[in-house]
Amino acid sequence: MRIDILTLFPNMFSSPLRESILGRAVEKGLLQIQTINIRDFTLDKHQVVDDAPYGGGQGMVMKVEPIARAIESVKAQNPSARTIYLTPQGKPFHQDLARRLSTQSHLILLCGRYEGIDERVRELFIDEEISIGDYVLTGGELAAMVLVDAVSRFIPGVLGSDRSAEEDSFFNSLLEYPQYTRPVEFKGCRVPEVLLSGNHSAISLWRRREAIRQTSLRRPDLLAKASLTDEEKGLLEEVLEVNQPMIAPAYRPGRDCGMRMKDKNEF
Ligand code: 4FV
C-alpha cells in the first residue's frame, strides 16, 4: 500500500513511522509512506499557506491553492488514489473502516491545521472525511498516524506470519478476553486455572465467555451490534445472570483480585 501524507509538519511522522511494526513494514516494502509538505506548493516568496476567514471570525484557514497543487501532484502520478481528509466533521473511524481502507492500493491523507481548510478543497478533491474522535486536535497529523497504524495492521505480513488483525478486539464487535503471562501468581493474584490446564476447548470457551463478559460490562453498545452465535448468546445469558451488579476490575487498579461490588453512585 502507498500512503501520501499532506501536512505542514512532515517531521512529526519521522519516528512513529520508523519504529516497531510500522517501521518494519516500511523496510519490508509492505508500506510506502511519503510525507509531502504543503508549504512546498506555495508560489509566493513568503510561502503563505493560511489566511483570515472571509466573513471574519477567529483563527486562520488553510488556503485552497497550495493544497490543490499538492493533491494534483500526487494524482498526476496515480489518478485513482483515494483522498481522505482527517477532521472532527468526518465519519467516526472504527475497525471495519480500517479493514475497508486496507484494501485500497493508494491513499492520500490530508492533515488540517488552524481552523481547518478552505471548503473548496472538500468540494473539489476530498473523497472521504474521517474523524478519530469527538475532540479537537491542534492538527490532523496525529489522526493520520492513528489511521495509518490501524489500517496497516490489516496488510498481510505487517503483523508477522502468525498474527492477523482478524483476531483483534472488535473482531465480531467483541472486546478481547483477559490476557495473562508468567508469573503464575503476583501479589496473591493467580492466573485462572483453566489457562494452565492445557485443555484447549475449555480455554477457548473461557476466552469467549470472558470476551462477552468484558464487552457487556465495558461496552454494552458493542454487544447490540455483535452477531453472536447461539452458543455465544447462551454465554451472554449466563454472564448477565452473574454480572449484576458487578463491574470490571480494570476500573479499580491496585485493588484485590477479581470482581468487587459496585458502589451505586460510582459513575
Ligand atoms: C481531528 C479529529 C481533529 C481540527 C482543527 C485539526 C483538528 C485542526 N482530525 N479527527 N478529531 N482535527 O481534531 O481527525 O485543523
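This report covers the overall fold, the ligand site, the central strands and a few unusual residues.

## Overall picture

The model is predicted. The protein chain has 267 residues, and 40% of them count as buried. Its secondary structure comprises 8 helices and 11 strands. Contacts reach far along the sequence: among those between residues at least 6 apart, 73% join residues at least 24 apart. The chain has an accessible surface of about 15,400 Å². Carbon and sulfur atoms account for 53% of that surface.

## The ligand site

The ligand has 17 residues around it. Which of them come nearest? They are Tyr 114, Ile 132, Gly 133, Tyr 135 and Leu 137. Three of these residues, Tyr 114, Ile 132 and Gly 133, place polar backbone atoms by the ligand. The table gives the distances.

| Residue | Protein side | Ligand atom | Distance |
|---|---|---|---|
| Tyr 114 | polar backbone atom | oxygen | 3.0 Å |
| Ile 132 | polar backbone atom | nitrogen | 3.1 Å |
| Gly 133 | backbone N or O atom | nitrogen | 3.1 Å |

How much of the ligand does the protein bury? Taken alone, the ligand exposes 370 Å², and the protein buries 94% of that.

The shell around the ligand divides into 9 nonpolar, 7 polar and 1 charged residues. Strands β5 (82-92) and β7 (128-131) each supply at least two of the shell residues. β5 gives the most, with 3 residues.

## The strands behind the site

β5 has pairing partners in both β7 and β6. With β7 the sense is parallel, over 5 bridges. Leu 86 stands opposite Ile 130 of β7. With β6 the sense is again parallel, over 5 bridges. Here Tyr 85 stands opposite Leu 110 of β6.

β6 also pairs with strand β1 (residues 2-7), in the parallel sense and over 5 bridges. In that pairing, Ile 5 stands opposite Leu 109.

Is β6 enclosed or open? It is largely enclosed by the rest of the structure, because 6 of its 6 residues are buried. In a regular strand the side chains alternate between the two faces of the sheet. In β6 both faces are covered. His 106, Ile 108 and Leu 110 are buried on one side. Leu 107, Leu 109 and Cys 111 are buried on the other.

β7 is likewise covered on both faces. Glu 128 and Ile 130 are buried on one side, and Glu 129 and Ser 131 on the other.

## Two buried asparagines

Asn 37 sits in strand β2 (residues 32-37). Its relative accessibility is 17%, so Asn 37 counts as buried. The side chain of Asn 37 reaches the backbone nitrogen of Arg 39 at 2.8 Å. Leaving out residues up to four places away in sequence, Asn 37 touches Thr 7, Leu 8 and Pro 10. Thr 7 falls within the residue range of β1 (2-7).

Asn 78 lies in the loop between α2 (64-77) and β5. At 19% relative accessibility, Asn 78 counts as buried, because the cut-off is under 20%. Its side chain makes a polar contact with the side chain of Ser 80, at 2.6 Å.

## Unusual backbone geometry

Most residues other than glycine have a negative phi, and most peptide bonds are trans. Three places in this model depart from that pattern: Tyr 114, Lys 187 and the bond between Arg 182 and Pro 183.

Tyr 114 has a positive phi of about 55°, although it is not a glycine. This residue lies in the loop between β6 (106-111) and α4 (119-125). At 36% relative accessibility, Tyr 114 counts as partly exposed. That value sits beside its role in the ligand shell, where a polar backbone atom of Tyr 114 is 3.0 Å from a ligand oxygen.

Lys 187 has a positive phi of about 45° and is not a glycine either. Its place is the loop between β8 and β9 (189-190). Is Lys 187 buried or exposed? At 72% relative accessibility, it counts as exposed.

The peptide bond joining Arg 182 and Pro 183 is cis, with omega about 5°. Pro 183 belongs to the loop between α5 (141-152) and β8 (185-186).

How values were computed: Residues numbered from 1 in each chain as written. Predicted model: local features only at pLDDT ≥ 70, side-chain atom pairs only at ≥ 80, totals over all residues. Heavy atoms only, no water. Helix = DSSP H or I, 4+ residues; strand = E, 2+ residues; numbered from the N terminus. Buried < 20%, exposed > 50% of the residue type's maximum accessible area, 1.4 Å probe, protein only. Contact = heavy atoms within 4.5 Å. Areas by Shrake-Rupley, 256 points an atom, 1.4 Å probe, with all protein chains shown as cover. Near = heavy atom within 4 Å. Polar contact = N/O pair within 3.5 Å; in protein donor to acceptor, adjacent residues only side chain to side chain. Nonpolar A, V, L, I, M, F, W, Y, C, P; charged D, E, K, R; others polar. Pairing = 2+ DSSP bridges.
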